[in-house]
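Hi there,

Here is the structure I promised to pass on to you. Please have it open while you read, as my notes on its aromatic rings follow straight after.

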Amino acid sequence: MDFSNISGIDVKNLKQRDYILNNYNTHKFDENHILVTTDHSSWTVLDKQEYKLLRLGRVHEDKKLYQKLEKEGIILSEDNVKDVVETYRKSKSFLYQGPTLHIVTPTMRCNARCVYCHSRAKHVDEKDVDMDRETAKKIVDFIMKAPSDSHIIEFQGGDTLLNYDTTEFIIDYARDRAEEEGKRISFSLVTNLTLMNEDIIDSLKKREIKGLATSLDGPKDIHDKNRIYARDGRGTYEDTVHWINRINNEFSDDFNLNAMTTVTSHALGRGKDIVDEFVDLGFNGIWLRPLNNLGYAKDTWDQIGYTQKEFFNFWTNSLDYIMEVNRNGHKLHELMAMVFLYKIFDDYDPNYVDIMSPCGAGIGQLVYKYNGDIHTCDEGKIDEMFKLGNVYESKYTEIFDNETLISMVDISSKESYICNNCEWKPFCGVCPVATYKQQGSIVSKVCEDERTRMYSRMIKDIFKRIIYSEEDRKMLKKWKEEDKVYSK
């Protein structure tokens, strides 16, 4: 057997047989349910005897086991090795296409003052943090230099509706430039919805901006503890829900509205109430996002924070209820789970930047601030540490020579000794910005990394549902097939 033409395959242990073992890790759920995972995101479940044969390198003694492990690439043969290499290459294809998600902040002003805002948005009355048209034009021209033939521009803030004229200009100018360059471009807009009006709705419909995203932290009592108006401290719930209802009921053909729940300590024990709120408002997706210890959340962590174990208990109990809601006839997907489901069931990474390896900051996503500064990612836009350049001064290639970015890619590749021996490695991810904010360095002390431990718990929980319940497995696979958020 000749493996010499297959790059990267270690043939040192090749014996007188027609296969070698791929690198794998394991998690023992019980004696007859031992999960085996590989770096190319393949996996299977073995019983005690099957695992013994794998561990001892005697897979060839069991024909069915041999076929199962060859199919999943856990053993490598002449028949499957090229497919395994191609699957791994596809899962890392984002490394070769350049940034495709471009987050533009037309303003850092916001009319709300959310207790956890990781952007540290400026007060609504601070007029010197709005983007002008010259900068907007420079940003679009810079985006068009990226090598990918497809781009997404996502508008964030502050609240982008406070400078909607510039947002409108960017949409129109970017469409013209994309047509000139022969590229595809799409847009999404993130807003708290409280500044929405008929003129903006008409403008978005005219420009066919389908993707809208907002925040809803649950029922009124929870939401209004987290998300208040900057000027008078009133809760924003009533105004946000007014526009959620209008968009979901009157403009459902025009917009695909998603809402994110940022989980604070106020939400713990209230998962059922939060899910019911989303069902009542007609949503088909709910994103239960863990709180980042960044921005204003860092200042108020003692009041709104929690441990990763507390979040996991909230999330898994909420997921139980979400699956019950689905069994009762309402389609509702939990979008954090969806990220992991794509990694588990497909050779396709949904490009959710925070859970990629390497992290997608800089290489999959760039952030452009109101003044033209370019930062690695949404979480990194408030810190000069993660500034890569400026559209007025920087060449496109200079951004990717930045030492911080190179270090972030290296560190988040998860090729450290500890990550390399973790069964959850193919499905997990590292956020260097969060690590830096919590530990003072982008190099994580894994034993102190709450985020990594939380993701590991979540991935393990999903696998338990898949392995032990055929009904849950079918439902979770159906979620992925129905998904419109992370699909290709």
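The count of aromatic pairs in this model comes to 18. Please keep in mind that the model is a predicted one.

One of the pairs joins Trp301 and Tyr306, with 6.1 Å from centre to centre and 50° between the planes, which makes the pair tilted. Tyr306 also pairs with Phe311: the ring centres are 6.1 Å apart and the planes meet at 20°, so this pair is stacked, because planes under 30 degrees apart count as stacked.

How buried or exposed are these three residues? Trp301 is partly exposed, because its relative accessibility is 23%. Tyr306 has a relative accessibility of 10% and therefore counts as buried. Phe311 is buried too, with a relative accessible area of 0%. The cut-off that matters here is 20%, since buried means a relative accessible area under that value.

Elsewhere, a single aromatic cluster is made up of Trp43, Trp424, Phe427 and Phe463.

There are also charged side chains over rings to look at. Arg113 sits over the face of Tyr296, 3.7 Å from the ring centre. Lys477 is placed over the face of Phe345, at 5.3 Å from the centre of that ring.

If you want a place to begin, try Tyr306, whose ring is tilted against Trp301 and stacked with Phe311.

Best wishes

Technical notes: Residues numbered from 1 in each chain as written. Predicted model: local features only at pLDDT ≥ 70, side-chain atom pairs only at ≥ 80, totals over all residues. Heavy atoms only, no water. Phe/Tyr/Trp six-rings, centres within 6.5 Å; stacked < 30°, edge-to-face > 60°. Buried < 20%, exposed > 50% of the residue type's maximum accessible area, 1.4 Å probe, protein only. Lys NZ or Arg CZ within 6 Å of the ring centre and 35° of its normal.
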